[in-house]
Amino acid sequence: MTTESVPAGGDPRRLLSDVRTLAHRVRRDQRVTWFALLVLAVVTLAGMPFDWYGMKVHCAPGGGCEFARRGVLLYWPPALLLAYAAIAVWYVRAARARGLGARVLPYAITGALTTALFTAAWVAAALYFPSHPQRFPEWVLVFDRLLTPWGMIGVALLVLARLERNVPLLAFTAGYLVLVLAPVTFGMDFEPRWGIRAAFLPQQIVSAAALLLGAAGFALARRRQR
Amino acid sequence: MTAVAGGTGPRADGHPVTGLDEVVHQRVRLGILTIAHEARRVEFGYLRDQLQLTAGNLSKHLSVLEAAGMIGVEKGYEGRRGRTWITLTAAGDAALAAEIARLKLLISRIETTDTAPDR
């Protein structure tokens, strides 16, 4: 055998510890978490005008208003698919430049599946609820918020955190999902001033801000690791 | 030590040391397999840097693993630059899993021996 320069075997504890350290280092070098979060933040910010201008509002003379968020349906499915494709390509390129393979494909597939799920749910709701108006309990509304593009972003991020065994990303995603599902708006309420079109803005602002802050945080952490 | 290339796991009978795979039970080669397992595909330069080896030394270890059928080596070019990519084979994956299982078993044996009351 041609390996005399390195002692064979060794203390099993040390060998196992070396294995864990190396595996951790590889996983860390494969990550481009900041880029994924940045792309999703940009997509969320760009989606706001689509929701605003794409919303169909019909107000009755008595004061009640009906609305349909057509802009969300038009903008988000292609935007999310493009975002996941861009993230996958960037992950592969970045990992390749570092001399590694990437483990991003399941994330991109999950992203595409969750996009299809949200689109199907919204199309079904748009077809069914106008003729069957209903009042839902709070738990249904939480589920409804999960089936939004912002909720689906969180679900796909959970998969990325699992793939990368990335505990900070898991913690970030848990916090992000709380913000989306609660929903937390930090007291922002633009509806009295700008009407029903502005009712969903605070949630989107909070979601985009959280993703942007996450991107900045992970980029900073990455820079410090180097 | 018994050489059992691509062994299937720790033996229930006998001491775990008897089942150690000579090809894998080596710090550098275990490192190569670990990195290739995590990365799916790893470039020669990354392995050299992470394992802090010379190119020649790394090549020797890679030859041993390739001869044992544990890794695949693919040479190519990116622009004018030559690059060598290493991938783990199914046999390599199984050997790595078996080695880690044996190491854990060994550690648990050592710990059991350490904590056992003196006779």
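How far apart are the end C-alpha atoms of residues 73–92 of chain A, and how much of the chain there is helix? Select that span in this predicted model: the end C-alpha atoms are 29 Å apart, and the chain is 100% helix with 0% strand.

Next, colour the stretches of chain A that the unreviewed UniProt entry annotates as "transmembrane region": 32–53, 73–92, 104–129, 141–160, 167–188 and 200–221. Go to residues 200–221 of chain A, where the span is 95% helix and 0% strand, and the end C-alpha atoms lie 32 Å apart.

Now pick A:Pro168, which sits in helix α7, residues 167–181 of chain A. A:Pro168 is partly exposed, at a relative accessible area of 48%. Add A:Phe218 to the selection: 50 residues separate the two along the chain, yet their C-alpha atoms are 8.8 Å apart.

Time to look inside. Show A:Leu40, A:Trp76, A:Ile87, A:Tyr107, A:Ile153, A:Leu157 and A:Leu211, the residues with the most contacts inside the largest nonpolar core, which has 41 residues. At least two core residues come from each of α2 (33–54), α3 (70–97), α4 (105–128), α6 (149–164), α7 and α9 (201–225) of chain A. The biggest contribution is from α3(A), with eleven residues.

Stay with A:Leu157 for a moment. Leaving aside residues up to four places away in sequence, A:Leu157 touches A:Leu37, A:Leu40, A:Tyr107, A:Leu169, A:Phe172, A:Thr173 and A:Leu211.

For the last stop, move to another core, of 35 residues, which lies apart from the one just visited. Among its residues you can select B:Ala36, B:Leu65, B:Ile71 and B:Ile107.

Terms used: Residues numbered from 1 in each chain as written. Chains lettered and ligands numbered in written order. Predicted model: local features only at pLDDT ≥ 70, side-chain atom pairs only at ≥ 80, totals over all residues. Heavy atoms only, no water. UniProt positions renumbered as here; feature names shortened; annotations may be inferred. Helix = DSSP H or I, 4+ residues; strand = E, 2+ residues; numbered from the N terminus. Buried < 20%, exposed > 50% of the residue type's maximum accessible area, 1.4 Å probe, protein only. Core = buried A, V, L, I, M, F, W, Y, C linked by side-chain atoms within 4.5 Å. Contact = heavy atoms within 4.5 Å.
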